[in-house]
Amino acid sequence: MKIASFNINGVKARLPALLAWLADAKPDVAILQEIKSVDDGFPREPIEDLGYTVETHGQKGFNGVALLSRLPLEDISRGLPGDETDEQARWIEAMVMGDVPVRVCGLYLPNGNPVPGPKFDYKLGWMERLKARGEALLASEEIAVMAGDYNVIPQAEDCADPKAWEGDALFRPETHAAYRRILNLGFTDALRAVNGTAETYTFWDYQAGAWERNNGIRIDHFLLSPQAADRLKACEIDAEVRGREKPSDHVPIWVDLDA
DNA sequence: ATGGTTGTTTAACAA
C-alpha cells in the first residue's frame, strides 16, 4: 500500500499540479494539507475521476486537510481530540481497507511563529494532544501511520542552514522536546529508517531562490507504529515536483507498506 | 543583505 502526504498550499491554485502528480505517482492513499478550502469548495470530481474517494476537513481561507483513497475507507473522523474549542481544521483519520486494514492519520501541525506568543502556545498544546492520540493508537496495536506537515525540523541535519532557524518555532528546544516525546512513545520516522542521515528536504521557501540553492528543510514526516514499521518497504521524497510549473512550496513524501 | 514570494481574499494575514 502506497501512502503519500503532500502539503499542496491551496487546492484551487494547485489543482493541475495535484492531478498531474496523482496520475503519475498513483498513491493508494494521499493525505493533503493546506487545502485552504471549505468542504463545499473542494474540487472533488476531477479527483474522483482518477479513482479516488475524497474526504475533506476544510476551513475557509487557511488550513484544511483531506484524505484521498483508491481503497474503501471506514471509521472516518475529523479534528484532533482533546480540545472541544479548537476550530482549526488540521486532522483527519480513517481506516483504509486494503488486504490488511491500515489506520491513516493526516495532520497539519501548527506553524507556531512568532515565538513567544499565543501561536507558539497553541503549537505546543496541539503537540501534547497529538502525543495523547499517538499513545491511544499504539495501545490499539494497529498498523498505523501519522503523517503530514509537522512544522518540525527534527535535527540540524534536517535543514540546510541551522543557524538561520535558531529561535524559530520549527526548531525551538521546546518543539524538539515535544516531538521527541511523541517519537519516544515508539514511533518510527520512516524516512530516517530507510536512509540514515542523508540530506533530504521536503520544503523550499518561495523566496530568495531557496529551491535553486537547495536551501530546504525536512518538515513533512511519516511516523509509523511498530506494526507499520515492520511492514515498511520504502519511503521516498518526490523532490523533483518542486521544480515543476506553479509548484507548492512542499513536495510529496510517501511510504510503501507491505499491506 | 533584516530582503524576498505565494495563496486566500481585497488589506491583511499566514506561511
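**Close-up views of a predicted model**

**View 1. Surroundings of N151 in the predicted model.** N151 lies in the loop that runs between β8 (144-149) and α4 (162-165). With 26 other C-beta atoms within 10 Å, N151 is buried, and, when residues up to four places away in sequence are not counted, N151 touches L109, P110, N111, G112, L170 and I219. The phi angle of N151 is near 50°, a positive value in a residue other than glycine. Although N151 and E141 are 10 residues apart in sequence, their C-alpha atoms are 26 Å apart in space.

**View 2. The loop position of N214.** N214 is found between β10 (203-204) and β11 (216-217), in the loop that joins these strands. Like N151 in the preceding view, N214 has a phi near 50° and is a residue other than glycine with a positive value. N214 counts as exposed because it has 12 C-beta neighbours inside 10 Å, whereas N151 is buried. Most residues other than glycine have a negative phi, and most peptide bonds are trans.

**View 3. Two cis peptide bonds in the loop between β7 and α3.** One cis peptide bond joins N113 and P114, with omega about 0°, and another joins V115 and P116, with omega about -5°. P114 is found in the loop between β7 and α3, and P116 is likewise placed in the loop between β7 and α3.

**View 4. Packing of helix α3 with helix α5.** Helix α3 (residues 118-140) and helix α5 (residues 173-183) pack with their axes 9 Å apart and at an angle of about 10°, which means that α3 is roughly parallel to α5. On the α3 side the contact involves L124, M127, L130, K131 and G134, and these meet E174, A178, R181 and I182 in α5. By class, the residues of this contact comprise five nonpolar, one polar and three charged.

**View 5. The largest nonpolar core, with I3 and its contacts.** This core contains 69 residues, of which I3, L32, V104, V145 and F222 touch the most other members. Strand β7 (residues 101-108) supplies the largest share of the core, five residues. Leaving aside neighbours within four places in sequence, I3 is in contact with P27, D28, V29, V104, V145, A147, W254, V255 and L257.

**View 6. The protein surface near DNA strand B.** Around DNA strand B there are 15 residues, and those that come nearest are G10, K12, A13, K36 and G61. The surface near this strand is made up of five nonpolar, five polar and five charged residues.

Terms used:
Residues are numbered from 1 along each chain as its sequence is written. Chains are lettered from A and ligands numbered from 1 in the order in which they are written. This is a predicted model: local features need pLDDT of at least 70, side-chain atom pairs count only at pLDDT 80 or more; totals for chains, interfaces and linings use all residues. Axes are lines fitted to C-alpha atoms, for helices over the stretch in contact, and angles run from 0 to 180 degrees between N-to-C directions. Helices (H or I, at least four residues) and strands (E, at least two) are DSSP runs, numbered from the N terminus. Angles under 35 degrees count as roughly parallel, over 145 as roughly antiparallel, 65 to 115 as roughly perpendicular and the rest as oblique. Two residues are in contact if their C-beta atoms, placed from the backbone, lie within 7 Å. Ala, Val, Leu, Ile, Met, Phe, Trp, Tyr, Cys and Pro count as nonpolar, Asp, Glu, Lys and Arg as charged, and the others, Gly among them, as polar. A residue is near a molecule or strand if its C-beta atom, placed from the backbone, lies within 6 Å of it. A residue is buried if 20 or more other C-beta atoms lie within 10 Å of its own, exposed if 12 or fewer, and partly exposed in between; C-beta atoms are placed from the backbone. A nonpolar core is a set of buried Ala, Val, Leu, Ile, Met, Phe, Trp, Tyr and Cys residues joined through C-beta atoms within 7 Å.
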